[in-house]
Amino acid sequence: MKLTFLGTGGVTAAPLFGCDCTACLRARNDVKRRRAPCSALIEAGSERILLDAGLPLLAERFAPGELSRILLTHYHMDHVQGLFALRWGLGETIPVWGPPDEKGCDDLFKHPGLLDFRPSLTPFVPHLFGALQVTPLPLQHSKLTHGYLFDWHGARLAWLCDTCGLPPDTDDFLSGQRIDELVIDCNDPPATTARNHNDLTRALAIIDRLAPRRAWLNHLSHHMDNWLSNNRLPEFVRVATDGFTLSLGAGDPVTV
């Protein structure tokens, strides 16, 4: 199984319009420092699953038939905006799964085009896409939100974005389980008032409880990038970057 970070930023990621902080100036001068909206591509066997659809130009990024399906964490605009143009394309429909949010986002449900919105997956119940096992995990956010636990022949990756802490049921479900790679929302530096997203203190507390082999900070703001320029993280905690790929096999996870 491979996971490629297509975007690792929140809505205030670098470069932020009108901001001249160190992180934003650096991102304007170096494309490798920029952060697109938080999303990823999961590849496992014949499955190619788009995890969230916040990239604006999905039709230019993926060819027809290239995606097996789309999994959504929630229906905030920065996680679904790429669907608004993609839906008017031609060809085979693309199955889309997300949490049971009846409001969705704008008119996506009313005018889905080639998007085939499927009934929501049941939280904590594994679902098979080919040989890939996917388990939805309720998260704490201002909109109904699901994270996901991916299991590929025993290699396990948890994706927990967007969230501010974890609901007790999700915390209990994950505690004591083996997690190879944990991707965790960490929008802000420590000592930040937590509202819809983890700050670093809260993210590290979750990592400490769940004890993954390795953790990746995701959904980062320009404030978090500025903090990271002058501070160190625990050895097994890494910072996700756009375009980076994790590869998980039957043994220990590796990066490529």
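Trp-152 is found in strand S9 of this predicted model. With a relative accessibility of 15%, Trp-152 counts as buried, because the limit for that class is under 20%. Setting aside residues up to four places away in sequence, Trp-152 touches Met-1, Ala-44, Gly-45, Ala-131, Leu-132 and Leu-248. Leu-174, by contrast, stands 22 residues from Trp-152 in sequence and 17 Å from Trp-152 in space, C-alpha to C-alpha.

The contact with Met-1 leads to the chain's first residue. Beyond residues up to four places away in sequence, Met-1 touches Ile-42, Glu-43, Ala-44, Leu-132, Phe-150, Trp-152, Ala-155, Leu-157, Leu-246, Ser-247 and Leu-248. Met-1 also has a place in the largest nonpolar core, which holds 27 residues. Within that core, the residues that touch the most other members are Met-1, Phe-5, Leu-71, Leu-132, Phe-150, Leu-157 and Trp-159. Two or more core residues come from each of strand S1 (2–7), strand S2 (39–44), strand S3 (47–51), strand S8 (132–138), strand S9 (146–152) and strand S10 (155–160). Apart from this core there is a second one of 23 residues, with Leu-139, Leu-182, Ile-184 and Leu-233 among its members.

Strand S1 also contains Thr-4. Thr-4 has a relative accessible area of 13% and is therefore buried. The side chain of Thr-4 makes a polar contact of 2.9 Å with the side chain of Thr-245. Outside its neighbours within four places in sequence, Thr-4 is in contact with Ser-39, Ala-40, Leu-41, Glu-43, Gly-243, Phe-244 and Thr-245.

Strands S8, S9 and S10 also belong to an open sheet of 7 strands, whose order is S7-S8-S9-S10-S11-S12-S13 and whose pairing is mixed. At its edges are strand S7 (127–129) and strand S13 (237–239), each of which pairs on one side only. From one strand to the next, the twist averages 25 degrees. At the S7 edge, S7 and S8 run antiparallel and are joined by 3 bridges. Leu-128 has Gln-133 in S8 as its bridge partner.

Further along the sheet, helix H6 (residues 200–210) lies across S10, strand S11 (181–185), strand S12 (214–218) and S13. Relative to S11, helix H6 runs at about 155 degrees. S10 thus takes part in several of the features described: S10 contributes to the largest nonpolar core, has a place in the open sheet and is among the strands that H6 lies across.

Notes. Residues numbered from 1 in each chain as written. Predicted model: local features only at pLDDT ≥ 70, side-chain atom pairs only at ≥ 80, totals over all residues. Heavy atoms only, no water. Core = buried A, V, L, I, M, F, W, Y, C linked by side-chain atoms within 4.5 Å. Buried < 20%, exposed > 50% of the residue type's maximum accessible area, 1.4 Å probe, protein only. Helix = DSSP H or I, 4+ residues; strand = E, 2+ residues; numbered from the N terminus. Contact = heavy atoms within 4.5 Å. Polar contact = N/O pair within 3.5 Å; in protein donor to acceptor, adjacent residues only side chain to side chain. Pairing = 2+ DSSP bridges. Axes fitted to C-alpha atoms, helices over the stretch in contact; angles between N-to-C directions.
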